[in-house]
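Visitor: Could you take me through one part of this protein at close range? I would like to start from a single residue and work outwards.

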Amino acid sequence: MKNNNAKTLKRALRDTLPILAGYLVLGVGFGFMLAKAGFETYWALIMSCTMYAGSMQYVGVGLLANAVSVGYAIMMTLLVNIRHVFYGVSLIDKYRDTGWRRFYMIFALTDETYSLVSTTELPEGVDKKNYYFFVSLFDQLYWICGCCLGCFLGNFFDSFNSAGIEYAMTALFVCIFADQWVTSGRKLITKRHISAIVGIASTLLSLVVCNMLGNEYFLIPSMILILVSLILLRPVLDRREGDDNAE
């Protein structure tokens, strides 16, 4: 049993090392933002332990600094992290019969953790349930280290010019978006790009309308519009998926 646990631990550590590099960079960026907003390092520790929500923590810095209403903060958090609902549904069978670990793994689910848990083929001798737990735990520890390190350095080097560092997460998602767009087809625009086009159009429309109405908070309306549009376009998207499978 101990040998199996050791093998599982080593495999989880090996598989999460690439995530360590990314989480340290993004975590340091968040920590710098938090420090420049006037928060001490222990705030980075508290947020990373209790929120652990990557992009939402970046957004959360602005929410805390600007003291927005609780209702707006709740709505923003729900919309930014709504994708985790779909992640969770697909992991019901994998997380079944994991005992007390299930509650932590549900809390610690991130994009990168989901990618490993849902796609990794494990060899004989590696306990799947423990593997899922260790992956979740290691990933959060990496994120906590990055966030705390960044906040400490941001407070220590208070004269450091951190302008633009708040776009670290934005840059990451832009790169992911560009990669998915390019790999979705050789043509500039195809049926595979419908979801991406809906996202771009909805955001631009919300930005224009909100500016006309004098409302600076365009993100929530844009995300609601994206969600409604994708629901209405579900038949088209399902038909496209069927055509792709037929090919």
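What follows is a walk from one residue out to the whole chain.

Visitor: Please look closely at T8: where is T8 found, and with which residues is T8 in contact beyond its neighbours in sequence?

Guide: Happy to! Please keep in mind that this is a predicted model. T8 is found in helix α1, which covers residues 2-36. With a relative accessible area of 0%, T8 counts as buried because the cut-off for that label is under 20%. Setting aside the neighbours within four places in sequence, T8 is in contact with G125, V126, D127, N130, Y131 and F134. One of these contacts is worth zooming in on: the side chain of T8 reaches the backbone nitrogen of D127 at 3.0 Å.

D127 also leads us to the next helix. At the start of α8, a side-chain oxygen of D127 comes to within 3.2 Å of the backbone nitrogen of K129. So D127 takes part in two of these pairs, through its backbone nitrogen with T8 and through a side-chain oxygen with K129. Helix α8 itself runs over residues 128-156, and its 29 residues should span 42 Å at 1.5 Å a residue. The end C-alpha atoms of α8 are 42 Å apart, so the expected span and the model agree.

For a contrast with buried T8, turn to V89 in helix α5. V89 has 56% relative accessibility, so V89 counts as exposed, the cut-off being over 50%. V89 belongs to a nonpolar surface patch together with M75, L78, I82, V85, F86 and I92, and the patch has about 640 Å² of accessible area. Helices α4 (70-80) and α5 (83-90) each supply at least two of the patch residues, with the largest share, three residues, coming from α5.

Helix α4 has another partner as well. The buried residues of α11, namely I220, S222 and S229, pack against α4 and α10 (194-213). Helix α11 covers residues 219-232, and its 14 residues should span 20 Å at 1.5 Å a residue; its end C-alpha atoms are 20 Å apart, so this helix agrees with expectation.

Stepping back, the protein chain holds twelve helices and zero strands. Of its 247 residues, 35% count as buried. Among contacts with a separation of 6 or more, 77% join residues 24 or more positions apart. The accessible surface of the chain comes to about 14800 Å², and carbon and sulfur atoms account for 67% of that surface.

Definitions and conventions. Residues are numbered from 1 along each chain as its sequence is written. This is a predicted model: local features need pLDDT of at least 70, side-chain atom pairs count only at pLDDT 80 or more; totals for chains, interfaces and linings use all residues. Side-chain values use heavy atoms; hydrogens and water are left out. Helices (H or I, at least four residues) and strands (E, at least two) are DSSP runs, numbered from the N terminus. Buried means under 20% relative accessible area, exposed over 50%, partly exposed in between (1.4 Å probe, protein chains only). A polar contact is a pair of N or O atoms within 3.5 Å; within protein, one must be able to donate a hydrogen and the other to accept it, and residues adjacent in sequence count only if both atoms are side-chain atoms. Contact means heavy atoms within 4.5 Å. The expected span of a helix is 1.5 Å times one less than its number of residues. Patches are made of residues with over 30% relative accessible area and no salt bridge: like charges are joined within 9 Å, nonpolar side chains (Val, Leu, Ile, Met, Phe, Trp, Tyr) within 5 Å. Accessible areas come from the Shrake-Rupley method with a 1.4 Å probe; for residues, only the protein chains shown count as cover. A salt bridge is a side-chain nitrogen of Lys or Arg within 4 Å of a carboxyl oxygen of Asp or Glu.
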